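Dear colleague,

I am passing on to you the structure that follows, together with some notes on what came out of it. Please have it open while you read, as the notes go from one part to the next.

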Number of protein chains: 4
Amino acid sequence: MTIKIGVIGTGAIGADHARRITNTLVGAEVIALTDVNLDSAHKVKSDLGLNAEIYPDGHDLIARSGVDAVLVTCWGAAHEEFVVAAIKAGKYVFCEKPLATTAQGCRNIVEAEMASGKRLVQVGFMRPYDSGYKMLKDTIDSGAIGEPLMIHAAHRNASVPEQYISPMAIHDTLIHELDVFRWLLDDDYVSAQVVFPRKTKYAHSKVADPQIVMLETKKGTRIDVEVFVNCQYGYDIQCSVVGEEGIANLPEPQAIVMRKNANLGQQLLTDWKDRFIDAYDVELQDFIDGVTNQNLTGPNSWSGLAAAVSADACVKAQESGQIEAIELPDTPDFYR
Amino acid sequence: MTIKIGVIGTGAIGADHARRITNTLVGAEVIALTDVNLDSAHKVKSDLGLNAEIYPDGHDLIARSGVDAVLVTCWGAAHEEFVVAAIKAGKYVFCEKPLATTAQGCRNIVEAEMASGKRLVQVGFMRPYDSGYKMLKDTIDSGAIGEPLMIHAAHRNASVPEQYISPMAIHDTLIHELDVFRWLLDDDYVSAQVVFPRKTKYAHSKVADPQIVMLETKKGTRIDVEVFVNCQYGYDIQCSVVGEEGIANLPEPQAIVMRKNANLGQQLLTDWKDRFIDAYDVELQDFIDGVTNQNLTGPNSWSGLAAAVSADACVKAQESGQIEAIELPDTPDFYR
Amino acid sequence: MTIKIGVIGTGAIGADHARRITNTLVGAEVIALTDVNLDSAHKVKSDLGLNAEIYPDGHDLIARSGVDAVLVTCWGAAHEEFVVAAIKAGKYVFCEKPLATTAQGCRNIVEAEMASGKRLVQVGFMRPYDSGYKMLKDTIDSGAIGEPLMIHAAHRNASVPEQYISPMAIHDTLIHELDVFRWLLDDDYVSAQVVFPRKTKYAHSKVADPQIVMLETKKGTRIDVEVFVNCQYGYDIQCSVVGEEGIANLPEPQAIVMRKNANLGQQLLTDWKDRFIDAYDVELQDFIDGVTNQNLTGPNSWSGLAAAVSADACVKAQESGQIEAIELPDTPDFYR
Amino acid sequence: MTIKIGVIGTGAIGADHARRITNTLVGAEVIALTDVNLDSAHKVKSDLGLNAEIYPDGHDLIARSGVDAVLVTCWGAAHEEFVVAAIKAGKYVFCEKPLATTAQGCRNIVEAEMASGKRLVQVGFMRPYDSGYKMLKDTIDSGAIGEPLMIHAAHRNASVPEQYISPMAIHDTLIHELDVFRWLLDDDYVSAQVVFPRKTKYAHSKVADPQIVMLETKKGTRIDVEVFVNCQYGYDIQCSVVGEEGIANLPEPQAIVMRKNANLGQQLLTDWKDRFIDAYDVELQDFIDGVTNQNLTGPNSWSGLAAAVSADACVKAQESGQIEAIELPDTPDFYR
């Protein structure tokens, strides 16, 4: 069985997912495309040699009977509208993050999905599909380090452009950690605090950089995440889980260890796109397999909502300098 | 375009490749199967839900007009016969190692292929498709360590069964190194020497274990490979390339670094099947892509011949205790 | 010239320092001993074969004209009294930590020393004498990582006995970090906050374990220290300094990397005494050299005071759950 | 008790040892000096502020009644003469390597020492005093890796000057490995073979570089040592011992792990003098302690002889291209 997929939004990420489905993944085919810029949709169609129809609008595409599943990869502000429409049409939908630009938007999606009686939505958080994070999750779940008590983490970029401002450290950067720690720990956050170390001279004026975000979970696990987006030296994702009986670290990306020029070392990545490149393939294949099996198992709408609510609290904590509560109902059985 | 594949030999490796083509890879489909045990072919067909025909014999399968490419995964002694038959039928063929059980058999295949005027054969050496070896090759080719002068390598298994005897250290174990170093260095061997360290108490009586194989290449690069198949501690493949300006090491397999029980460490593999598991997918996808593009680029018949000739010299060196010449003509342009 | 040393307090640490001076270090000799338990002083004298006099009391010992320098290694409550007495006698004094059991006691010592017009006191903080910390300090001072912005640190013990209660996490454990970070960063603290992660099941009832202590410095550097004294796996001191241009880590203690039992790893220490054992020698040799050259350069009374004031604020922060100010005047020129 | 030491040869190494004895080590004092260049002896005396007499000749110095022990640090060709003279005078002697410039010279020393009935000689092989090699020896002796079967080693220098010719790869470079492996393995060599990889373009015309020396021991252990003295990247000593149950590696020198400029790495040494600098202190302190206790335990004359005999065989193997026997009687009980 080949899943027939429609893509709403053929910008960089939409085009990339279409390419992935066409050339790399198995079990699916892109048969419908749309974009606010229809030329872009036509270009993707011809670049990939797709046997696909171009639709003037996402709603038309969703309505098409042959479409089994929809990719929502348009700009964030339109996510909610198309995800809800897909749910109402009873179609599976893979939505790039953010699920919606507001927590309320996420709630609307959750409600629509629960009302539909069926899990239809996967959110584009790719870290749970990274081989390193999977090993880390397996290690925790195996009990090898005992109960997790703390996570020390870092999310570092070599540099960011001038338009990157302080709240983006949460919404664009930390958002991945907010999702992945819930999954790693099988836990929810109860509070957030943000402190601002001395600012690096390499940061533009509108971003406090670095920042340290401290989270507490329901089970009492404490997480500190250094967000440092002008660290100069590379793109670097660190995650160390301290348990009652040991500590497990996220592996470094595979690299050649070299002895050269009085250095014993290995290259670090500098471009974030290289870090999780394999995870995108695994993520979308998992969505295709989930649709094929009528059983989505990846990050769901509730994960999207939890990330949104947590991010809002972190931004509030950035502004207040206080410990801010993160209030989220228990995960409904529907999403377990 | 979907490549139609026939599988000759549906034992463990044949069944695994059929599964791979069906569930994981793109662009190909298994439409024909045969095995000396026809029940086995039927079982693979039904297990994978294939829309495939079962043939009484490899020659019938090769003859079928719809088959674009053949997988030769039967027992080694029959490889030559079916590979030559596929070549004569003008069909692409992926042959598991060994290409043939004798150097002469390999020569016969090379001759048939050259006579056909077209590169049709890929041999199942998977290490060039391993992400670590690819990084190592890229590092060497980039000139980062200057001209390679030496390789220090090791091939270690936790243990081997009683039927594993000394020559198998060459034919079954070192064979992978014999292929991969030629590729890494873009060079050929001129001689081999084997020395026998003190034997481990864990080795059975009919195998000298460990062994050290020393190779010299045309360019003068010296290679030493420790073959140690009862090393107890794990399955471990080491490769360190010493160049004029630096040293590059094959990466360790990705693993969680853990602090536990007064140890800072990471788990080593114990089963060889886990070490190159991803490489098998990449290898066979590359064959499918090569058939699709009518341009095979993986390990070819000449590689198979070179491995066979080199292995014979190594076995001779095991027996003689002398430095034995490895005589191989220059690679024909046909195979460059 | 041989420095003549008197030792006040011949318990474990005093006896060890006497041994060190006698057998390992150069330029000094123990000629006087005292202890509340005079038998203990006699035992040290005879064990080491010292040509030393036993005094009934520290004040008698200090008064002896031949004594050039005094080691105060009696119990903490008596430190202030003997250090002040030594200062008043114009004699050099090496005082084991704590310099005094209260910040006020430290202030009294500072005042006495400044009144004497001469730097006479070295406090027994040994980490600045550890080869790893020295490399880290050199790296920071070289500018290799740019200005330090953050420190992520950990102080972990395998386990602690039942009498170890929460404030000891500050006074006995964190105290070393409180001293060494001031030295590493050449900076002072302005505030402390303590948070309590989920408690490990291995901790006794009267200690919150682990704890995370967060410090801010005058220059704005943020420090987080995980204090985890029942971590089970070993004795482990971690310190990672994040600068504007790179990150430098305290080296792991030297160890054999071993491949064994499916593990690639190295042994971790389990006993804190092994971790800084070399640093004790270097520390006391530096004191002897400082006395010889009439120029002490090690941790001074002001360091002792700073540690005491900072520790008090951390304990207050443990209790309040709030961010507590650390108020310390600028370091007087006398101590620069 | 303070050991009174006379130094024969006040060049770089002699002056350095005199400084060491005077400023760093305990239990000894330099009271006599001589050198073919008497000005050099006077300079060392005044630089170190020694209360020492200058003698016109080594024999006069040895004859002086107050001298307990002699350091022979003059040029190699004179070692034998002064070591034998010291033995005949019944005085302890620390002789820098080589013990003598010929195997026969070493034999003469061994005979003189055995005739004296007392172990009086320590040879300046410092690697057994290196903390890393000591850990490696302890690991082997603990049985943690089982019986040693192989050693893979390397001795690499960044570059050597034009006067460094091929045999020096043995006499000046490999000589340290020849001594340290005997000690590590508690074994003797029976044969040597040398092969010459492709020559690096960075080597001068009169040195084959790199070289690989292969040794076999009485117990059958096989050792390969890469000697690469123009490796460009640093000074690097590698030693990996493969045992029946695991592998143990010589630790890397302590270094700061840094993340900087897209590199995760640590600095390598470039100057050989930095690599074993601590070992020189420990070595000479051990000699002083041995003299004090009338019981030398360091590298002895037999070690010096064994190194000389082995080195001669390696040079012969360089020239012949053959496997050359290393013939050495069993270690006499006198030297066990």
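Which residue in E12(D) does C:Val257 stand opposite? Before the reply, one caution is due: this is a predicted model, and everything below should be read with that in mind. The residue that C:Val257 faces is D:Asn249, and the wider setting is a pairing across two chains, in which strand E13 (residues 257-260) of chain C is joined to E12(D) by four bridges, with the two strands running antiparallel.

That pairing leads to the contact between chain D and chain C, to which each of the two chains brings 25 residues. About 2,000 Å² is buried between chain D and chain C, with 58% of it on carbon and sulfur atoms. Of the area that chain D buries against chain C, 30% is supplied by D:Val26, D:Gln254 and D:Ile256, which is more than any other three residues give. Zero salt bridges are found across this interface of chain D and chain C, although eight residue pairs are in polar contact there, both residues being at pLDDT 80 or more. On the side of chain D that touches chain C, at least two residues come from each of helix H6 (131-141), strand E12 (246-249) and strand E13 (257-260) of chain D, and H6(D) gives the most, with five residues. By residue class, this side of chain D holds 13 nonpolar, eight polar and four charged residues.

How many residues does chain D bring to its contact with chain B? The number is 36 from chain D, and chain B likewise gives 36 residues. Here the buried area is about 2,800 Å², of which 58% comes from carbon and sulfur atoms, and D:Arg198, D:Arg222 and D:Glu244 supply 24% of what chain D buries against chain B, more than any other three residues. Four salt bridges are found across the interface of chain D and chain B; one of them links D:Glu245 with B:Lys201, whose closest N and O atoms are 3.9 Å apart. In addition, 13 residue pairs are in polar contact across this interface, again with both residues at pLDDT 80 or more. Several strands of chain D, namely E7 (148-156), E8 (189-195), E9 (211-217), E10 (222-228), E11 (236-243) and E12, each supply at least two residues of the side that touches chain B, and the largest share, five residues, comes from E7(D). The residues on this side of chain D divide into 16 nonpolar, nine polar and eleven charged.

Within chain D there is also an open sheet of six strands, in the order E3-E2-E1-E4-E5-E6 and with parallel pairing. Its edge strands are E3 (53-54) and E6 (121-123) of chain D, each of which pairs on one side only. Strand E1 (residues 3-8) of chain D pairs with E2(D) over six bridges in the parallel sense, with D:Ile5 opposite D:Val30. E1(D) also pairs in the parallel sense with strand E4 (residues 69-72) of chain D, over four bridges, and there D:Gly6 stands opposite D:Val70. Strand E2 (residues 28-34) of chain D is mostly covered, since six of its seven residues are buried.

Over all chains, the structure holds 80 salt bridges. In chain A, the side chains of A:Asp281 and A:Arg20 meet in one of them, at 2.7 Å from N to O. A:Asp281 lies in helix H9 (residues 277-292) and A:Arg20 in helix H1 (residues 12-23) of chain A, so this pair ties together parts that are 261 residues apart in sequence. A:Asp281 is partly exposed, with a relative accessible area of 22%, whereas A:Arg20, at 2% relative accessibility, counts as buried.

A further salt bridge, at 2.8 Å from N to O, is formed by the side chains of B:Asp236 and C:Arg259. Because B:Asp236 lies in strand E11 (residues 236-243) of chain B and C:Arg259 in strand E13 of chain C, the pair joins two chains; both B:Asp236 and C:Arg259 are buried.

Lastly, A:Arg156, A:Glu226, A:Asp236, A:Glu252 and D:Arg259 are linked in a network of salt bridges.

With best wishes

How values were computed
Residues numbered from 1 in each chain as written. Chains lettered and ligands numbered in written order. Predicted model: local features only at pLDDT ≥ 70, side-chain atom pairs only at ≥ 80, totals over all residues. Heavy atoms only, no water. Contact = heavy atoms within 4.5 Å. Buried area = accessible area lost by both parts, 1.4 Å probe. Polar contact = N/O pair within 3.5 Å; in protein donor to acceptor, adjacent residues only side chain to side chain. Nonpolar A, V, L, I, M, F, W, Y, C, P; charged D, E, K, R; others polar. Pairing = 2+ DSSP bridges. Buried < 20%, exposed > 50% of the residue type's maximum accessible area, 1.4 Å probe, protein only.
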